[in-house]
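Biologist: Could you pick one part of this fold and take me through it slowly? I'm new to this, so please keep it informal and build it up piece by piece.

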Amino acid sequence: MALRTIRVMGDEVLSKKCREVKEMTPRIQELIDDMLETMYQGNGVGLAAPQVGVLKRITTIDIGDGPIILINPVIIESSGEQTGSEGCLSLPGKAGDVTRPNYVKVRALNREMEEFEVEGTELLARAFCHEVEHLDGHMYVEKVIGDLYEVECEE
């Protein structure tokens, strides 16, 4: 495993739509491991492949309950509403208030390329939406209510 460089807002890779993963390869396995290590090192709750410069539909998420790997994720159901502070490893030191669904169900593939569904509320629902949007070339700043504000980064 290795740390990867996190691309920051303004890098054109973050505005591109990612390609579906067709098969699991050793390089994709290595990418997932590297993404997890990079996400944990950055104290993030999620990381999408384009944030490390790879245009593949892969995200890693961990809100504290263990890692969730989503390959080719699709949000298939959402309901409710929540507004809260959101940040991003690709925009360090900044956060903003964003309204998201309070419940989200995602269909994706796991590391064995088996289809599964996962549900989340509150922070997990927020993370699902945030990371899936990265795969379509969007960042949370497009949805911020009001202005971004400074937050302390852990070094």
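**The sheet and what packs on it**

Modeller: Let's start with one pair of residues: L109 stands opposite E115 in β7. Keep in mind that this is a predicted model. The two strands involved here are β6 (residues 103-109) and β7, which run antiparallel and are joined by seven bridges. If that sounds abstract, strands of a sheet pair through backbone hydrogen bonds, either parallel or antiparallel.

Now zoom out to the whole sheet. It is open, with five strands in the order β1-β2-β3-β6-β7, and the pairing is antiparallel. Which strands stand at the edges? They are β1 and β7 (115-121); each has a single partner strand, so one side of each has no neighbour in the sheet. On average, neighbouring strands are turned by 40 degrees against each other, ignoring direction.

The sheet also has helix company. Helix α1 packs on it, touching β1, β2 and β3, and its direction makes about 35 degrees with that of β2. Helix α2 (residues 122-135) lies across β1, β2, β3, β6 and β7, running at about 125 degrees to β7.

Let's walk along β2, since it has a partner on either side. With β1 it pairs in the antiparallel sense over three bridges, and here L47 stands opposite T60 in β2. With β3 it shares four bridges, again antiparallel, and T60 stands opposite I69 in β3. So what links β2 and β3? The two form a hairpin with six residues between them, and G64 in the turn has a positive phi of about 115 degrees.

Where do the side chains of β2 go? In a regular strand the side chains alternate between the two faces of the sheet. In β2, I58 and T60 point one way, T59 and I61 point the other way, and all are buried.

I58 brings us to the largest nonpolar core. That core has 16 residues, and L31, I32, M35, I58 and I71 touch the most other members. Both α1 (26-41) and β3 (68-79) supply at least two residues each, with α1 giving the most, six residues. One of those well-connected members, I71, touches a list of residues further off in sequence, including V21, I32, I58 and L109. That is the L109 we started with, opposite E115.

Finally, look at the loop between β1 and β2. R57 is found there. Is R57 buried or exposed? It counts as buried, because its relative accessibility is 9% and the cut-off for buried is under 20%. Its side chain reaches the backbone oxygen of L135 at 3.1 Å, and among the other residues R57 touches are E20, I71 and D136.

Q51 lies in that loop too, between β1 (46-48) and β2 (58-61). Q51 is buried as well, with a relative accessible area of 1%. Its contacts include T5, L14, C88, E131 and H134. Q51 and M35 are 16 residues apart in sequence, and their C-alpha atoms are 9.2 Å apart in space.

Key. Residues numbered from 1 in each chain as written. Predicted model: local features only at pLDDT ≥ 70, side-chain atom pairs only at ≥ 80, totals over all residues. Heavy atoms only, no water. Core = buried A, V, L, I, M, F, W, Y, C linked by side-chain atoms within 4.5 Å. Buried < 20%, exposed > 50% of the residue type's maximum accessible area, 1.4 Å probe, protein only. Contact = heavy atoms within 4.5 Å. Pairing = 2+ DSSP bridges. Axes fitted to C-alpha atoms, helices over the stretch in contact; angles between N-to-C directions. Polar contact = N/O pair within 3.5 Å; in protein donor to acceptor, adjacent residues only side chain to side chain. Lists of a residue's contacts leave out its neighbours within four places in sequence.
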